[in-house]
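Got a minute to walk through a fold together? Have a look at the chain below, then we'll talk it over.

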Amino acid sequence: INKDLALANALNKAIYKNLSIAPGSDIYGYDLIVSTTDFDEDAYGRVFIKAFKDRLGIAASDAGRVVTVLRSVVMDPWVTETDGKNFIDVLEREFRKAAEAAAEQVRPRG
């Protein structure tokens, strides 16, 4: 289990890169799109950031005061109407594919 905040942030940024769209792209060609934001200690407070880092298992990592997070929102009430597939399975497949690729991109070597 990763306990390094910088590595956790790098992983989330790489997942975001894999699941975001370029401006002007057709969004209907994507099964899953995420956005990202940073929880900054200056805005959210030390107590919140510490509790959030505890939940992520990176509390011992004092290397930063900013935690990068991913977010996704379902805007279409018909999104669960897939071609005979379970929508949760589609989300899981796309997120797993992006997360595995991101892990390879940021994995420490050595």
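What follows is a short round of questions and answers on this predicted model.

Q: In what order do the elements of the protein run from the N terminus on?
A: Start with the tally: the secondary structure comes to four helices and two strands. Read from the N terminus on, these elements run α-β-α-α-β-α.

Q: What share of the contacts in the protein with a separation of 6 or more comes from residues 24 or more positions apart?
A: Some background on the chain helps here: buried residues make up 23% of its 110 residues. As for the contacts with a separation of 6 or more, the share from residues 24 or more positions apart is 71%.

Q: Which residues of H3 are buried, and why do they sit on the same side of the helix?
A: Helix H3 covers residues 46-56, and its buried residues are Ile49, Phe52 and Lys53. They lie on the same side of H3 because they cover an arc of only 100° around the axis. So the trio to remember, held within that 100° arc, is Ile49, Phe52 and Lys53.

Q: Which exposed residues does the face of H3 turned away from its buried side carry?
A: The buried residues of H3 pack against helix H1 (5-18), strand S1 (35-40), helix H2 (41-44) and strand S2 (66-71). Flip to the face turned away from that buried side, and the exposed residues there are Val47 and Arg55.

Q: What phi does the glycine just after H3 take?
A: H3 spans residues 46-56. Just after H3 comes glycine 57, and its phi is positive, at about 80°.

Q: Is isoleucine 33 buried or partly exposed?
A: You'll find isoleucine 33 in the loop between H1 and S1. Together with Ile27, Tyr28 and Tyr30, Ile33 makes a nonpolar surface patch of about 420 Å². Buried would need under 20% relative accessible area, and exposed over 50%. At 32% relative accessibility, isoleucine 33 therefore counts as partly exposed.

Q: How many Å separate the C-alpha atoms of leucine 7 and arginine 107?
A: Leucine 7 lies in helix H1, and it touches Asn2, Val106 and Pro108, leaving aside residues up to four places away in sequence. Arginine 107 is 100 residues from leucine 7 along the chain, yet their C-alpha atoms are separated by 8.2 Å.

Q: What percentage of the accessible surface of the protein belongs to carbon and sulfur atoms?
A: The accessible surface comes to about 7,900 Å². Of that area, the part belonging to carbon and sulfur atoms is 55%.

Note on methods: Residues numbered from 1 in each chain as written. Predicted model: local features only at pLDDT ≥ 70, side-chain atom pairs only at ≥ 80, totals over all residues. Heavy atoms only, no water. Buried < 20%, exposed > 50% of the residue type's maximum accessible area, 1.4 Å probe, protein only. Arc of directions from axis to C-beta. Contact = heavy atoms within 4.5 Å. Patch = residues over 30% accessible without salt bridge, like charges linked within 9 Å, V, L, I, M, F, W, Y side chains within 5 Å. Areas by Shrake-Rupley, 256 points an atom, 1.4 Å probe, with all protein chains shown as cover. Salt bridge = Lys/Arg side-chain N within 4 Å of Asp/Glu carboxyl O.
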